[in-house]
Amino acid sequence: MGECEPIYEFDKPREACGVFGVYAPGEDVVQLAYLGAEALQHRGQDAAGLMVSSSESGMYGVKDEGLVSEVLTDNVVNGLKDEKAHSAIAHTRYGTSSQAGFDSAQPIYRELVNGRHFALVHNGHIEGLTSDNKSDSETFADMLVEEIRQGEMIERALMRVAAKTDGAYSIVIMTDDRVIGLRDRNGFRPLELGELKNGGGFVIASETAALEQIDADHDRQILPGEVVSVGSHGIWSDMYADPEPKLCAFEYIYFARPSTEINDISVHEARKTMGRLLAEQGVPEADAVVGVPDSGVPAAKGFSEASGIPDVIGLEKNRYISRTFIKDNQLSREKAVGLKLTPLKSEIKGQRLIVVDDSIVRGTTTRALTSMLRHAGAEEVHLKIASPPYKWPCFYGMDTGNPDEFLANQHNYEGMVKELGVDSLDYLSIDNLKHSVGPMAGKICMACLDGDYPTPKTVK
Ligand code: SF4
């Protein structure tokens with residue numbers, strides 16, 4: 001376990017950076033990219049960056065460790081603005097302990113021999129590309145430089161590089177005259193295409209929530225195995241591989257914003273359905289349903305609606321405790337949970353609670369949460385998890401640690417109940433997870449939940 005491990009979210013699958021790109025000559029692309037990054041802050045809080053492409057000033061930008069608001073302050077954003085800027089890309093990074101700090105911040109910039117440039121932002125893990133202490137995205141950028149040939153569309157070079165690589169990633173690239181998006185052939189990570197409502201340009205972003213943030217219409221998803229470029233030529237696209245859709249189920253369970261839609265399925269509604277189906281699996285005698293913020297809350301609402309037991313706000317989330325503070329102060333898991341979540345005693349005292357959370361990996365933060373609720377006066381705690389037990393390692397870039405430490409691999413049912421200090425425990429079944437995502441069933445990866453890996457297990 002690394003030194004930056006003990007924080008609340010670290011008992012969830014990790015790694016879901018946010019990528020954003022806009023091509024809109026005549027618009028304030030810097031402001032749009034800033035707002036896009038803000039809308040994707042939940043996907044990564046370790047580093048942020050923004051690069052601009054201007055027909056007058058070339059390509060320039062800023063990146064650093066920290067939240068979007070810390071890296072892209074008002075002064076910085078204003079300093080980046082340029083009337084001749086036509087494109088901008090932005091990134092929010094969730095760093096792993098092996099790839100932390102400024103060096104892993106993005107965008108990544110490359111100059112080409114003929115005076116052209118490109119910058120790249122990336123979400124995910126590209127197989128087998130880390131070399132010479134370079135990240136996979138740095139190596140991907142180097143490969144792209146090698147593949148770009150004089151006078152050729154960069155999209156063709158990109159397709160050749162993508163066809164040579166495996167992995168679970170979405171990439172946005174900005175050149176001197178266009179913005180390009182690419183998804184791996186399984187589409188593990190989402191990537192969406194939109195257009196500004198005023199007709200002023202195009203947007204490519206990890207989530208539809210970022211499109212809404214900047215008043216853009218959602219056009220469509222970029223398909224697994226597809227390259228899409230937007231620029232003065234309009235929209236161009238081509239497939240570099242046959243699509244084999246396997247979106248990470250945790251986009252619906254935990255990563256994506258509730259307001260996001262993936263494949264026309266509302267993330268909020270999917271989470272509510274998970275809660276509803278959990279209730280159909282069984283309802284203990286209880287007085288109130290409490291959702292664990294953030295992604296446990298819609299599932300709790302679904303559970304409440306299906307069971308008839310009122311849902312209450314039993315936990316208040318402190319949104320202003322930064323990961324950096326918790327890391328720098330080496331806070332224990334228990335202390336970190338206490339800083340992040342505060343029980344509302346007036347709702348909890350003397351109550352038999354049904355507590356709904358999105359997932360458990362090791363269970364350590366859940367144990368701390370249960371003990372906090374009991375200290376606040378909860379009479380009973382019945383835990384409902386809106387996803388199946390997490391048992392297998394992710395080979396597609398999610399960082400969850402050693403499978404031997406996963407709660408569901410360490411204990412049987414009675415052992416888990418004892419370990420977590422709860423009165424009862426239930427997980428959403430695999431079948432009900434599939435039902436929750438409707439037409440996406442069969443097109444999502446659930447390998448860490450059912451052991452059925454969509455590709456050979458060599459991607460980590
Ligand atoms: S194994 Fe699949 S579902 Fe699980 S975290 Fe990895 S990509 Fe997501």
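Ala, Val, Leu, Ile, Met, Phe, Trp, Tyr, Cys and Pro count as nonpolar, Asp, Glu, Lys and Arg as charged, and the others, Gly among them, as polar. On that division, the shell around the ligand in this predicted model holds 12 nonpolar residues, with no polar and no charged ones. The points below take up that shell, then an open sheet of six strands, the two helices H4 and H5 that come within 9 Å of each other, and the pairing of strands S9, S10 and S11.

**Ligand shell**

- The ligand is surrounded by 12 residues, and the closest of them are Cys 248, Cys 394, Cys 445, Ala 447 and Cys 448.

**The six-stranded sheet**

- The sheet is open and antiparallel in its pairing, with its strands in the order S5-S6-S7-S8-S12-S13.
- Strand S5 (108-111) and strand S13 (234-239) each have a single partner strand and stand at the edges, so one side of each is left without a neighbour in the sheet.
- From one strand to the next, the twist averages 20°.
- Within this order, strand S8 (residues 178-183) pairs with strand S12 (residues 226-231) in the antiparallel sense over five bridges, and Gly 181 has Val 228 in S12 as its bridge partner.

**Helices on the sheet**

- Helix H5 packs on the sheet and touches S6, strand S7 (167-175), S8, S12 and S13, while its direction makes about 20° with that of S8.
- Helix H4 lies across S5 and strand S6 (117-126), and it runs at about 135° to S6.

**Helix H4 against helix H5**

- Two packed helices are described by the angle between their axes and the distance between the axes.
- For helix H4 (residues 136-147) and helix H5 (residues 154-164), the axes come within 9 Å and cross at roughly 130°, and the two helices are therefore oblique to each other.
- The crossing in which H4 passes H5 is right-handed.
- On the H4 side the contact is made by Phe 140, Met 143, Leu 144 and Glu 147, which meet Ala 157, Leu 158, Arg 160 and Val 161 in H5.
- The residues of this contact of H4 with H5 comprise six nonpolar, no polar and two charged.

**Strands S9, S10 and S11**

- Strand S9 (residues 192-196) pairs with strand S10 (residues 202-205) in the antiparallel sense over four bridges, and Gly 194 stands opposite Val 203 in S10.
- The hairpin of S9 and S10 has five residues between the strands, and in this hairpin Gly 199 takes a positive phi near 75°.
- S9 is also joined by five bridges to strand S11 (residues 216-221), the two running antiparallel, and Glu 192 has Gln 221 in S11 as its bridge partner.

Key. Residues are numbered from 1 along each chain as its sequence is written. This is a predicted model: local features need pLDDT of at least 70, side-chain atom pairs count only at pLDDT 80 or more; totals for chains, interfaces and linings use all residues. A residue is near a molecule or strand if its C-beta atom, placed from the backbone, lies within 6 Å of it. Axes are lines fitted to C-alpha atoms, for helices over the stretch in contact, and angles run from 0 to 180 degrees between N-to-C directions. Angles under 35 degrees count as roughly parallel, over 145 as roughly antiparallel, 65 to 115 as roughly perpendicular and the rest as oblique. A crossing is left-handed if the near helix is turned anticlockwise from the far one by less than a right angle, and right-handed if clockwise. Two residues are in contact if their C-beta atoms, placed from the backbone, lie within 7 Å. Two strands pair if DSSP finds at least two bridges between them.
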